[in-house]
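Welcome to this guided tour. Open your viewer, get comfortable with rotating and selecting, and follow the stops below in order.

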Amino acid sequence: MTAPAIAPLAIPARPRKPLVRAAWALVTVALIAAWWHLDIGLRDLATLPPDIVHYTRLMFTDPDLTALPDAFFQTWRSVAMAWVGALLGVVLSTLLGIPAAAGVGPWWVRLPLRGLFAVIRAVPEVVIAIIILTVTGLTPFTGALALAIGGIGTHAKWTYETIEAVPSGTSEAVTAAGGNLAQVIRWGLWPAAAPELMSLALYRFEINVRTSAILGLIGVGGIGDLLTGYTQHRQWDTVGVLIVVVIAVTMSIDAVSGRIRRRIMEGARVRDVERSA
Amino acid sequence: MSAHALGAEAGGAPSASASWPVELKDVTVRYPNGVVALKGVSVRIEPGEIVAVVGLSGSGKSTLIRTINGLVPVTEGTVTVGDHVVSELRGRALRELRGHVGMIFQAFNLADRASVFHNVLVGRFAHTPTWRTLIGAASPRDREVVMRALDSVGMLEKVWGRAGALSGGQKQRVAIARALSQEPSVMLADEPVASLDPPTAHSVMRDLERINQERGLTVLVNLHLMDLARQYTTRMIGLRQGELVYDGPAADATDADFEAIYGRPIQPRDRLDR
């Protein structure tokens with residue numbers, strides 16, 4: 001009785017992935033270097049939880065409500081800044097974003113515009129505000145203008161991406177009927193892109209509400225301004241009230257705006273399939 | 001469906017259209033990616049003819065029909081429509097010519113989220129100042145032309161509805177109205193019934209047939225189904241791999257002719273009514 005001969009298996013060589021390993025090594029080294037450089041001590045981390053409890057108590061056990069009317073007024077200012085900034089930014093983004101779409105503008109229009117958007121995306125709104133406040137001063141208008149310009153970077157990109165995603169059939173029909181470029185944009189592209197662009201414009205407003213609070217930190221007015229002042233004077237009982245107001249208002253706006261956006265997109269979809277009897 | 005009279009310009013508004021001939025001379029189309037879609041095609045279509053362009057997908061029939069309104073530029077040869085040489089036209093002159101050539105598509109190509117009215121108004125673009133079209137305003141005359149065009153395809157009652165809410169057959173009729181509102185001299189149809197169920201396909205083909213018979217309009221229609229070509233057109237052009245392989249009366253075309261055009265035996269899917 002001889003055991004049947006077992007043929008050796010032709011096992012394929014396990015693939016080596018040197019690039020993946022190198023990438024992981026790099027991430028690890030970067031993390032260690034950053035941690036070490038920032039000098040984050042484990043001892044400091046240990047005091048963090050009790051600190052949080054301490055300051056939370058200072059802020060919320062005995063809130064000072066005298067600042068409440070002012071908090072609402074400054075929040076309204078922030079929201080107004082966000083709204084004006086969104087409106088200006090969306091209008092500019094639409095005008096600049098449409099020619100930047102493939103199939104609309106020629107390459108020598110598209111490339112410079114896309115470069116401009118990329119540069120703007122690289123600069124945070126706060127930095128834009130610091131640059132333009134030398135001209136317009138420390139006013140809420142500076143904030144709105146910074147939000148408008150800063151918004152172009154992303155919103156114009158969303159605009160040309162949305163335009164490019166529109167199926168080409170309707171545009172072809174408008175061209176075939178003798179339409180020019182402006183007519184193709186208006187009746188071949190715009191009807192299909194409009195709901196998405198409206199939704200994105202509202203989303204821009206939501207983002208601006210959050211960013212406008214940050215812009216207050218450099219003194220252009222609004223809730224951020226107020227928050228900086230009270231924090232520097234360590235009036236925690238008022239800071240707590242301000243934080244609650246900011247969070248409540250931002251969340252309410254997000255909820256309402258999000259619901260409207262859903263209605264716009266769902267409405268567009270539903271109306272596409274409904275059959276009017 | 002057939003109760004509405006097509007060519008009846010009932011209000012007495014005279015149709016501005018006169019039917020035009022179409023002539024291709026040694027037309028070759030090479031796309032930028034190197035594909036040669038048409039190879040030395042020559043054909044002349046007389047005013048008022050209704051011609052089927054038959055071939056499998058990829059045979060070049062979409063390209064052929066698009067050279068007639070300049071959507072696809074020719075690489076070699078000339079395309080003449082009426083007394084215009086399409087291959088020589090640019091910019092405004094090309095748009096002007098396109099204003100005289102109506103076109104309908106397989107996918108209807110309507111703006112689904114705009115009203116039926118605004119979709120049909122697109123047919124007036126070549127004859128209207130741009131600013132007016134951008135705000136969607138229509139002159140009384142354009143409005144009249146749009147309403148008549150919609151009435152002639154039996155879609156007048158949907159004029160204020162959204163195009164996206166219509167069924168496929170209704171969409172194609174609105175697309176025909178859009179082309180008719182151009183008051184065209186030539187009508188092109190690129191696989192107009194390939195997205196429709198058989199009964200609707202027949203009614204859309206009948207619409208095209210009536211446009212040809214009642215208005216005397218030159219009609220070129222791309223089809224891949226042999227029975228539709230035989231039933232609704234008088235002349236048939238066969239394309240195979242970009243070359244003209246058949247030209248003759250549609251009714252006389254035998255199964256063998258179709259097999260030669262397709263380059264394979266006839267299959268059930270080559271007919272609409274199996």
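Among contacts in chain B between residues at least 6 apart in sequence, what percentage join residues at least 24 apart? The figure is 69%. Keep in mind as you go that you are looking at a predicted model.

**Stop 1: chain B as a whole**

Select chain B and colour it by secondary structure. You should find nine helices and 10 strands. Turn it around: along its principal axes, the C-alpha trace spans about 50 × 45 × 35 Å. A compact globule with 274 residues would have a radius of gyration near 19 Å, and the 18 Å of chain B agrees with that. Of those 274 residues, 50% count as buried.

**Stop 2: two domains**

Now give two colours to the domains of chain B. Domain 1 takes in 41-100 + 185-267, and domain 2 covers 109-183. If you place a marker at the C-alpha centre of each domain, the two markers will be 24 Å apart.

Zoom in on where the domains meet. Here 12 residues of domain 1 of chain B are in contact with 10 residues of domain 2 of chain B. On the domain 1 side, helix 2 and helix 7 (198-215) of chain B each supply at least two residues. That side divides into four nonpolar, four polar and four charged residues.

**Stop 3: an open sheet**

Next, show the strands of chain B as arrows and look for an open sheet of four strands in the order 2-1-4-5, paired antiparallel. Strand 2 (36-45) and strand 5 of chain B are the edge strands, each pairing on one side only. Strands of a sheet pair through backbone hydrogen bonds, either parallel or antiparallel.

Go to one edge of the sheet, where strand 4 and strand 5 of chain B pair in the antiparallel sense over two bridges. Select B:Thr80 there, and then its bridge partner in strand 5 of chain B, B:Val85.

Stay with the sheet and select B:Asp26, which is found in strand 1 (residues 22-30) of chain B. Most residues other than glycine have a negative phi. B:Asp26 has a positive phi of about 45 degrees, although it is not a glycine. Is B:Asp26 buried or partly exposed? B:Asp26 counts as partly exposed, because it has 13 C-beta neighbours inside 10 Å.

**Stop 4: a parallel pair**

Select strand 6 (residues 101-104) of chain B. B:Val101 and B:Met103 point one way, B:Gly102 and B:Ile104 point the other way, and all are buried. Add strand 7 (residues 186-190) of chain B to the view: it pairs with strand 6 of chain B in the parallel sense over four bridges. To line the two strands up, find B:Gly102 and look opposite to B:Met187.

Move on to the loop between strand 7 and helix 7 of chain B, where B:Glu191 lies. Its phi is near 45 degrees, a positive value in a residue other than glycine. B:Glu191 counts as buried because it has 20 C-beta neighbours inside 10 Å.

**Stop 5: helix 2 and the neighbouring chain**

Show chain A as well. The contact between the chains takes 30 residues from chain B and 24 residues from chain A. On the chain B side, helix 2 (91-99) and helix 4 (130-134) each give two or more residues. Which element gives the largest share of that side? It is helix 2 of chain B, with four residues. The chain B side as a whole divides into 12 nonpolar, 11 polar and seven charged residues.

Within helix 2 of chain B, pick out the buried B:Leu94, B:Leu97, B:Arg98 and B:Gly99. The buried residues of this helix pack against helix 7 (169-176) of chain A, together with strand 4 (76-81), strand 5 (84-85) and strand 6 of chain B.

**Stop 6: the nonpolar core**

In soluble globular proteins, nonpolar side chains tend to be buried together. The largest nonpolar core here has 123 residues, and B:Val53, B:Ile68 and B:Leu220 have the most contacts inside it. Its largest share, 13 residues, comes from helix 8 (residues 181-215) of chain A. Domain 1 and domain 2 of chain B both give residues to this core, so it lies between them.

Finish by centring on B:Leu220. Leaving aside its neighbours within four places in sequence, its contacts include B:Val22, B:Ile45, B:Val51 and B:Leu188. Then look for a second, separate core of 11 residues, among them A:Ala71, A:Ile223, A:Trp236 and A:Val241.

Notes:
Residues are numbered from 1 along each chain as its sequence is written. Chains are lettered from A and ligands numbered from 1 in the order in which they are written. This is a predicted model: local features need pLDDT of at least 70, side-chain atom pairs count only at pLDDT 80 or more; totals for chains, interfaces and linings use all residues. Two residues are in contact if their C-beta atoms, placed from the backbone, lie within 7 Å. Ala, Val, Leu, Ile, Met, Phe, Trp, Tyr, Cys and Pro count as nonpolar, Asp, Glu, Lys and Arg as charged, and the others, Gly among them, as polar. A nonpolar core is a set of buried Ala, Val, Leu, Ile, Met, Phe, Trp, Tyr and Cys residues joined through C-beta atoms within 7 Å. A residue is buried if 20 or more other C-beta atoms lie within 10 Å of its own, exposed if 12 or fewer, and partly exposed in between; C-beta atoms are placed from the backbone. Domain bounds come from an automatic or database domain assignment. Two strands pair if DSSP finds at least two bridges between them. The radius of gyration is taken over C-alpha atoms; the globule rule is 2.2 Å times the number of residues to the power 0.38.
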